[in-house]
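Good morning, and thank you for coming. Please look at the sequence and the structure on the screen while I speak.

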Amino acid sequence: MRTTVRPIQWPTFLINLVFIITSLGIVLPFLLVVSVSFTDEKSILNHGYQFIPEVFSLAGYQVIFEAPIVLLRAYGVTTLITVVGTTLSLLLTAMTGYVISRSDYRYNRIATFYIFFTMLFSGGLVPFYILITQYLHLKDSIWALIIPGLLNPFNIIVMRGFLSKIPTEIIESAKIDGAKEFRIFFTMILPLAKPALATLGLFISFSYWNEWFNALLFIDNHNLYTLQLLLVNVLSQIEFLLSQPEMMQALHISVADLPNLSARMGMAVLVAGPMLCIFPFFQRYFVKGLTVGSLKG
Amino acid sequence: MDQSPLNPELPTLGKSNIATEVPGKARKNMKNKEWKLFWKNRELSLLFLPGFIYKLVLAYLPMIGIIIAFKNYRYDLGIIGSKWIGFKNFEFFFASQDAFRVTRNTIFYNLGYMTITTIAALAFAVMLNEISQRSVKVYQTIMFLPYFLSWVIVSYITYAFLDYNSGYINHFLQSIGLAPKQWYLDYRPWPYILNAAHLWKAIGFSTLVYYAGIIGIDTDYYEAARIDGASRMQMIFKITLPMLTPLIVILLILAIGGMFRGDFGLHYFIPNNSGPTFPTTDIIDTYVYRALRALGDISMSAAVGFYQSVVGLILVVGANYVVKKMNDENSLF
C-alpha cells in the first residue's frame with residue numbers, strides 16, 4: 001500500500017527504529033562469535049569474549065588449518081549429502097506433488113491423505129531408529145544422512161500449491177498432441193515449476209547442510225562426520241574434559257592442549273559462513289516462493 | 001477439469017475418466033470397470049510410486065514398530081520375537097517423576113513459542129507493510145539470517161554469551177560489580193533463554209510468512225477503505241488482520257498438533273545437554289533420545305514416543321474440529 005502523500009512521517013520513523021533495533025539484536029550475536037574467532041587467546045582469558053577484539057590474532061584459524069583434514073573431510077561429506085540429497089529430494093517432491101496436484105487423477109484424494117497423514121502421526125523415534133539400523137542396515141552409512149530427509153510433506157504442500165496453478169489446458173493440449181504423462185511431467189511441468197524448484201531446492205539444501213540429527217543418531221565413524229556433528233563433538237568433548245580434571249590428569253592432557261577458545265569459534269564461523277554468504281543472494285526467491293505456495297495451496 | 005484446483009475434495013472421478021464410459025454398458029462388470037480406470041491412471045500412479053514406496057518404508061512401517069512399546073525389546077530377538085509385557089513400559093514411565101516434568105515442559109514451551117512468535121511476527125509483518133520497499137528488503141534479509149543456522153551453531157553463539165569463564169554476560173556482570181553466574185548449572189534462567197533463542201531464530205521466517213499473506217491481500221480493499229476515510233489503524237484492524245485470520249488459524253492448528261513434539265535441537269544443544277538444567281529444559285523429545293541412546297532403554301523410550309504420537313494426533317484432530325465448528329472455511333482438513 002503506497003500512499004501518495006504522507007503528511008506525518010513519525011510513524012514511519014518509529015517503525016524503522018524498531019526494525020533497526022531488532023536487526024542489531026539479530027546481528028550482534030553473530031559479530032560476537034566472529035570477533036572472538038579473531039581475538040588473541042590471552043586477551044580472551046583476561047577480558048572474556050568481546051565484541052571488539054582487544055588484541056587481534058589469526059592464531060585460532062592457524063590452529064584449525066594446521067590439521068585441516070578433519071574439517072575438509074566434514075566439508076566433503078556435507079557437500080556430498082547436500083548435492084545428492086537436494087537433487088533426489090527435489091525430483092521426488094516434484095513427482096509426488098505433481099500427481100497430487102492433478103485433480104483428474106483418480107486416486108488423488110487417497111494419495112493426498114496417504115502423504116499428509118504422516119504429518120499427523122508417526123511411529124516415533126525408536127521404531128525409526130530400529131528400522132534404519134536393524135532392517136535397512138544404514139548405520140554409519142552416508143545414506144542414513146540422505147534418505148530420511150528426502151520427502152517432507154510440508155515441501156509437497158508447497159509444490160502442490162504451485163503446480164495446481166498451472167493451467168490444465170496446457171496438460172490437455174499436450175495430451176491431444178499425443179504426449180504421455182512422463183513426457184508431460186519431465187519436459188513441460190518441471191521447466192514450468194522452476195521458481196518452486198528453486199525455492200524448495202534452497203530450503204532443502206539448507207536443511208541438508210545443517211544436518212545433525214540423523215548424524216547424531218546414526219554416525220559413529222569419524223570419516224562420515226558432517227560439519228554440524230563435528231561441531232557438536234568438539235564442544236561436548238571439551239566440556240566433558242573440562243568437567244573431569246582427574247581424567248585430564250590421568251590422560252596427561254592439559255588445558256593448553258585443547259582447541260583454544262578462538263579456534264572453537266573459528267570452527268563455527270567456517271561452518272556457518274558459506275551458507276550465510278550464499279543466502280542473501282537467494283533471499284528474493286523466498287518471498288515469491290512462499291507467496292505462491294502458501295499453505296492451503 | 002472445470003473444478004477449481006484449490007478444491008481437491010470434490011471430484012476424484014475426473015472428467016476425463018467419466019467421459020470415456022459408454023452409457024449403454026452401464027451394467028458392465030464392476031471389477032472390469034475399476035481395472036479400466038486403474039489402467040487409465042497407470043502413468044500418474046507410476047509417477048506417484050516412488051513417493052508411495054518411500055513413505056511406506058520410512059513412515060508407515062515404523063508405525064507397526066509401535067508394538068515395541070508393549071514388548072520387552074531385545075536386539076537379538078527382533079520386534080516379532082521379543083516378549084509381550086503389556087503396559088509395563090508405560091507404567092514405568094508414568095510412575096516416574098519424569099513423565100510430569102517432560103510433558104509439562106513440552107506443552108508450556110510450545111505454548112510460549114507459539115504465542116510469542118505469532119504476536120511478534122504479526123506485529124513485524126504489519127509494520128513492514130507500512131515502510132518503503134527498499135528498507136523492507138534489508139530488514140527481511142537480516143531477520144531471516146538466523147533461520148538458516150543450525151541449532152548447533154546457535155549453541156556456539158549462546159555459549160559465547162553464557163560461558164562461565166569467558167562468556168560475555170558474566171564479564172559484563174563482573175564489570176558492573178556483580179558475581180558471575182553458572183548458567184549451565186542452574187535450571188532457573190532457562191525458560192527465558194530458550195524462549196529468547198527460539199524467537200531470535202524463528203522471527204524472520206514467521207514474519208515472512210505473514211508478510212507474504214499481507215501482500216496477497218487485494219489492494220482494492222484498501223482503496224475502498226481509503227475513499228471511505230479509514231485511518232491506517234482502522235485498515236490494519238478491519239482489513240489486514242481479518243484477512244490474515246485463515247493463515248494464522250492454519251499455522252496455529254499445525255502448531256497445536258506439534259504441541260507434543262518439541263524442538264529437539266533447541267532443547268538439546270542450547271543448554272548443552274547439561275543435567276542440572278533438566279528440570280526446566282528437558283522435553284519429551286530429549287527424554288526419548290536419552291532413553292534410547294544414553295540409557296539404552298529401547299522399549300520404554302518407544303512407549304514415551306507412542307504416548308507423544310497419539311496425544312499429538314488427538315490434539316491436531318481436536319483443534320481442527322474446534323476450528324471447523326467455529327468457522328468451516330478456516331479448518332485445515
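I shall speak about the annotated spans, the contact between the chains, the nonpolar cores and one isoleucine.

This is a predicted model, in which local features need pLDDT of at least 70, side-chain atom pairs count only at pLDDT 80 or more, and totals for chains, interfaces and linings use all residues. Residues are numbered from 1 along each chain as its sequence is written, chains are lettered from A and ligands numbered from 1 in the order in which they are written, and side-chain values use heavy atoms, with hydrogens and water left out.

Let me begin with the annotation. An unreviewed UniProt entry places the feature "transmembrane region" at residues 12-34, 81-101, 113-136, 142-163, 184-204 and 263-282 of chain A; such annotations may be inferred rather than shown by experiment. In the model, residues 12-34 of chain A are 100% helix and 0% strand, with their end C-alpha atoms 33 Å apart. Residues 184-204 of chain A are 95% helix and 0% strand, and there the end C-alpha atoms lie 25 Å apart. Helices here are DSSP runs of H or I with at least four residues, and strands are runs of E with at least two, numbered from the N terminus.

How many residues of each chain are in contact at the interface? Chain A contributes 109 residues and chain B 113, where contact means heavy atoms within 4.5 Å. Between them the two chains bury about 10400 Å², 72% of it on carbon and sulfur atoms; this is the accessible area (1.4 Å probe) lost on putting the two parts together, summed over both. The interface also has 2 salt bridges, each a side-chain nitrogen of Lys or Arg within 4 Å of a carboxyl oxygen of Asp or Glu. In one salt bridge, A:R106 meets B:E34, with the closest N and O atoms 2.7 Å apart. Helix α1 (residues 10-37) of chain A supplies 15 residues, the largest share of the side of chain A that touches chain B.

We turn to the interior. The largest nonpolar core has 184 residues, and A:F19, A:Y49, A:Y98 and B:L149 touch the most other members. Such a core is a set of buried Ala, Val, Leu, Ile, Met, Phe, Trp, Tyr and Cys residues joined through side-chain atoms within 4.5 Å. Beyond its neighbours within four places in sequence, B:L149 contacts residues including A:F30, A:L276 and B:W200.

Finally, B:I107 lies in helix α6 (residues 97-128) of chain B. Is B:I107 buried or exposed? Its relative accessible area is 25%, so B:I107 is partly exposed; buried means under 20%, exposed over 50%, and partly exposed in between (1.4 Å probe, protein chains only). B:I107 touches B:M259 and B:F260, not counting residues up to four places away in sequence.
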